[in-house]
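Visitor: Please show the model, and then let us discuss it through questions and answers.

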Amino acid sequence: MENIQPVVDLMQVLGQITPLPAPFQQRMLEQVIEEQFPAKHTLLAPGDTCKRIYFVKLGFLRAYHLDPNGNEHTTWFMGQNDIVISVHSFFTQQPAHEYVEILQDSILQSISWHQLQSYYADFPQGNLLGRIVTEKYYIQSEERALFLRIQSPEERYQALLNRHPDIFLHTTTQNIASYLNMRRETLSKLRSRLAKNH
């Protein structure tokens, strides 16, 4: 059964981290853009510069890159209540090397890089929020690196299910296998074996 989360917006999520003063909230109301994107839409492609930071109000996305043989390698999945950016491209304002793809019809809220800098400059809460969000995604990046280097295929699979219990409702087995750094056939066998053991 799909895990249904209550729909919240960006301001609610940030307000749970730290109280937001009225001028901060007013600026966000004026600047945050809410957009709907269809499944299979490419939000970012290599060569594009990531100019906006996105909050997933509803939906599911992934990032991936292509190897020299044209094979896709999924590097992350993001779902409801997550922040989505191409990290290197956004913070350096240089062209991206990865794709960001909408996997399900999605509602995203966003602000621009320049707007984010103004929050840092004008509000102490902006710097606090930026630090907390940056720490969260730095930790996730390190966990991902360790995940690929030291965990067994079964451990990687279970870790993904812990983070995204409904992952098979949101994307293809091929995308999941590429994220787990295994062949699709290996993933199918692993799922079958674990199902027999439960």
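Visitor: Leaving aside residues up to four places away in sequence, which residues does Ser86 touch?

Guide: This is a predicted model, in which local features need pLDDT of at least 70 and side-chain atom pairs count only at pLDDT 80 or more, whereas totals for chains, interfaces and linings use all residues. Residues are numbered from 1 along each chain as its sequence is written, and side-chain values use heavy atoms, with hydrogens and water left out. A contact means heavy atoms within 4.5 Å. On that basis, the residues that Ser86 touches are Leu44, Cys50, Ala96 and Glu98.

Visitor: Is Ser86 buried or exposed?

Guide: Ser86 is placed in the loop between E5 and helix H3 (87-92); helices (H or I, at least four residues) and strands (E, at least two) are DSSP runs numbered from the N terminus. Buried means under 20% relative accessible area, exposed over 50%, and partly exposed in between, with a 1.4 Å probe and protein chains only. Because its relative accessible area is 4%, Ser86 is buried.

Visitor: What percentage of the residues of the protein chain count as buried?

Guide: The protein chain holds 9 helices and 6 strands. Of its 198 residues, the share that counts as buried is 42%.

Visitor: What radius of gyration does the protein chain have?

Guide: The C-alpha atoms fill a box of roughly 55 × 40 × 35 Å along the principal axes. The radius of gyration is taken over C-alpha atoms, and the globule rule is 2.2 Å times the number of residues to the power 0.38. For 198 residues, a compact globule would have a value near 16 Å, which agrees with that of the protein chain, 18 Å.

Visitor: Which residues touch the most other members of the largest nonpolar core?

Guide: A nonpolar core is a set of buried Ala, Val, Leu, Ile, Met, Phe, Trp, Tyr and Cys residues joined through side-chain atoms within 4.5 Å. The largest one has 34 residues, and strand E3 (residues 52-66) gives the most to this core, with 6 residues. The members that touch the most others are Phe24, Met28, Leu43, Leu61, Val84, Val100 and Leu108.

Visitor: Leaving aside neighbours within four places in sequence, which residues are in contact with Leu108?

Guide: Leu108 belongs to the largest nonpolar core. Its contacts, without those neighbours, are Ile33, Glu34, Glu35, Phe37, Leu43, Tyr54, Phe55, Val56, Leu61 and Ile102.

Visitor: How are H2 and H4 oriented to each other?

Guide: Two packed helices are described by the angle between their axes and the distance between the axes. Axes are lines fitted to C-alpha atoms, for helices over the stretch in contact, and angles run from 0 to 180 degrees between N-to-C directions. The axes of H2 (residues 22-31) and H4 (residues 113-122) come within 12 Å and cross at roughly 175°. Angles under 35 degrees count as roughly parallel, over 145 as roughly antiparallel, 65 to 115 as roughly perpendicular and the rest as oblique, and H2 and H4 are therefore roughly antiparallel.

Visitor: Which residues of H4 meet H2?

Guide: From H2, the participants are Phe24, Arg27, Met28 and Gln31. The residues of this contact divide into 3 nonpolar, 3 polar and 2 charged, where Ala, Val, Leu, Ile, Met, Phe, Trp, Tyr, Cys and Pro count as nonpolar, Asp, Glu, Lys and Arg as charged, and the others, Gly among them, as polar. The H4 residues are Gln115, Ser118, Tyr119 and Asp122.

Visitor: How are H4 and H5 oriented to each other?

Guide: The axes of H4 and H5 (residues 124-150) come within 5 Å and cross at roughly 120°. The contact is made by Tyr119, Tyr120 and Asp122 of H4 with Pro124, Gly126, Asn127 and Gly130 of H5. At this crossing angle, H4 and H5 are therefore oblique.

Visitor: Does Lys40 count as buried or exposed?

Guide: Most residues other than glycine have a negative phi. Lys40, although not a glycine, has a positive phi of about 75°, and its place is in the loop between strand E1 (33-37) and strand E2 (42-44). Because its relative accessibility is 72%, Lys40 counts as exposed.

Visitor: What phi does Asn81 have?

Guide: Asn81 is placed in the loop between strand E4 (72-78) and strand E5 (83-84). With 22% relative accessibility, Asn81 counts as partly exposed. Although Asn81 is not a glycine, its phi is positive, at about 75°.
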